[in-house]
Protein chains: 2
Amino acid sequence: MSDISTNFSERTVEYNKLLEDFKKLLKKNNLKFTIQREVILESLYNSNEHLTPESLHQVLQKKYSELNIGIATVYRTLSLLEDSKMVTSLSFGAQGKKYELGAKNHHDHLICTRCSKITEFVDEQIEARQHKIADELGFKMQDHSMQIYGICKECQEKENK
Amino acid sequence: MSDISTNFSERTVEYNKLLEDFKKLLKKNNLKFTIQREVILESLYNSNEHLTPESLHQVLQKKYSELNIGIATVYRTLSLLEDSKMVTSLSFGAQGKKYELGAKNHHDHLICTRCSKITEFVDEQIEARQHKIADELGFKMQDHSMQIYGICKECQEKENK
DNA sequence: ATGCGTGCAAATAGTTTGCATTCAC
DNA sequence: GTGAATGCAAACTATTTGCACGCAT
């Protein structure tokens, strides 16, 4: 298969590393490196937003229309990536799951209940406490997620008009 | 309507307060206090587990079979309770949403990725940091949720056999 | 008496699966 | 060449909605 990613203007050292990790992962499990899997990884990497399977599919339809990627492949690949910890899913509110690349450094989320905008943050103190709590309760911690819900600055301002 | 809750052996001062809050809430919004709404609140209150709409419906079918409560009513009531912040939902993994009564004091969750068991905990330090973070980022905080995923003690022991 | 709430069934949304074909290895 | 991956459509599951009737106010 031709490696189409050589054409990506967005290609970076970081992305290359990610791609290599993905290829290694696939090889290790006797899975195949397909162009669909590659463009899904790439689209997740180049998205600033948290994507739903649906919205990711739309992005792919537009950006790689010639591939005509099916929604089932999107679901299958997201599950694969999630199982292998390369992406993380976030579910909240009425809406379904949203996915993001886990390779970017860890962070938690502030979610606006008005406009659904997601703001990321990291707090070392919280990270540390989480580990401590899991230890104390005899849990072997694998992952965690934290969301703070509220009204963002912009929406607060809008409301005051 | 007759207030069937007078027959609940589980009835407590705490539950009474909750029920009053619920009635007040309904009145304020010109909504009606029905027996379905009451037994849903009661079943949430008397459950030690986090319930899915499905499992709550089963509980109701068994405990109040004569009412023959429809699943749609369960969904509608849970949404109502969630909107008014009386219950909180938790979604994770492949499974759907689980609900719990928010009136019980606040806590976060440790979720076992093997057996799905949920353990609750509270940590004042984390609570405090969350408020601080929201403030710093201009968010008007309404709520938050935090989950730590891992393998619980029991499942770790099982694995070592 | 009024109109909200209910159960039911149908509709919708989100996700998964079976299958024939294609493609990476 | 072989078996895994894909697209498609059908199947499923979870959730929502329309409607006629019942009940709380």
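**Two protein chains and two DNA strands**

Sorted by class, the surface near DNA strand D comes out as 9 nonpolar, 6 polar and 5 charged residues. The model is a predicted one, and the strand D surface is a handy place to start looking around. Which residues come nearest to DNA strand D? Of the 20 residues around the strand, those are Lys32(A), Thr34(A), Arg37(A), Thr73(A) and Tyr75(B). On the DNA side, sugar and phosphate make up 72% of the strand D atoms that come within 4 Å of the protein.

A few individual contacts help to fill in the picture at strand D. Tyr75(B) puts a polar side-chain atom 2.3 Å from a phosphate oxygen of DNA strand D. Gly70(A) uses its backbone instead, with an N or O atom 3.1 Å from a phosphate oxygen of DNA strand D. Bases are touched as well: an N or O atom in the side chain of Lys32(A) sits 2.8 Å from a base nitrogen of DNA strand D. As for the elements behind this surface, helix H2 (35–45) and H4 of chain A, along with H4 of chain B, each supply at least two residues.

Now for the other strand. There are 19 residues around DNA strand C, and the ones that come nearest are Tyr75(A), Thr34(B), Arg37(B), Ile69(B) and Thr73(B). Of the strand C atoms within 4 Å of the protein, 71% belong to sugar or phosphate, and the rest belong to bases. By class, the surface near DNA strand C holds 9 nonpolar, 5 polar and 5 charged residues.

The phosphates of strand C pick up contacts from both chains. From chain A, a polar side-chain atom of Tyr75(A) lies 2.5 Å from a phosphate oxygen of DNA strand C. From chain B, a polar side-chain atom of Asn68(B) lies 3.1 Å from a phosphate oxygen of the strand, while Gly70(B) brings a backbone N or O atom to 3.2 Å from a phosphate oxygen. The elements that give two or more residues to the surface near DNA strand C are helix H4 (71–83) of chain A plus helix H2 (35–45) and helix H4 (71–83) of chain B.

What about the protein chains themselves? Chain A splits into domain 1 (11–104) and domain 2 (105–160). Taken over C-alpha atoms, the centres of these two domains of chain A are 23 Å apart.

The two chains also meet each other, with 37 residues of chain B in contact with 37 residues of chain A. The size of an interface is often given as the accessible area lost when the parts come together. Here the area buried between chain B and chain A is about 3100 Å², and carbon and sulfur atoms give 59% of that. Arg129(B), Phe139(B) and Gln142(B) supply 18% of the area that chain B buries against chain A, more than any other three residues.

How many salt bridges cross the interface of chain B and chain A? The rule finds 2. Asp123(B) forms a salt bridge with Arg129(A), where the closest N and O atoms are 2.5 Å apart. Polar contacts cross the interface of chain B and chain A too, with 8 residue pairs found, both partners at pLDDT 80 or more. On the side of chain B that touches chain A, at least two residues come from each of strand S3 (108–112), strand S4 (118–121), helix H5 (124–136), strand S5 (140–151) and helix H6 (153–159). S5(B) gives the most to this side, with 12 residues. Divided by class, the side of chain B that touches chain A has 17 nonpolar, 13 polar and 7 charged residues.

Over all chains, the structure holds 9 salt bridges. One within chain B joins Lys17(B) and Asp21(B), with the closest N and O atoms 3.2 Å apart. Both residues lie in helix H1 (residues 13–28) of chain B, where Lys17(B) and Asp21(B) are 4 residues apart, about one turn of the helix.

Note on methods:
Residues are numbered from 1 along each chain as its sequence is written. Chains are lettered from A and ligands numbered from 1 in the order in which they are written. This is a predicted model: local features need pLDDT of at least 70, side-chain atom pairs count only at pLDDT 80 or more; totals for chains, interfaces and linings use all residues. Side-chain values use heavy atoms; hydrogens and water are left out. Domain bounds come from an automatic or database domain assignment. A residue is near a molecule or strand if one of its heavy atoms lies within 4 Å of it. A polar contact is a pair of N or O atoms within 3.5 Å; within protein, one must be able to donate a hydrogen and the other to accept it, and residues adjacent in sequence count only if both atoms are side-chain atoms. Ala, Val, Leu, Ile, Met, Phe, Trp, Tyr, Cys and Pro count as nonpolar, Asp, Glu, Lys and Arg as charged, and the others, Gly among them, as polar. Contact means heavy atoms within 4.5 Å. Buried area is the accessible area (1.4 Å probe) that two parts lose on being put together, summed over both. A salt bridge is a side-chain nitrogen of Lys or Arg within 4 Å of a carboxyl oxygen of Asp or Glu.
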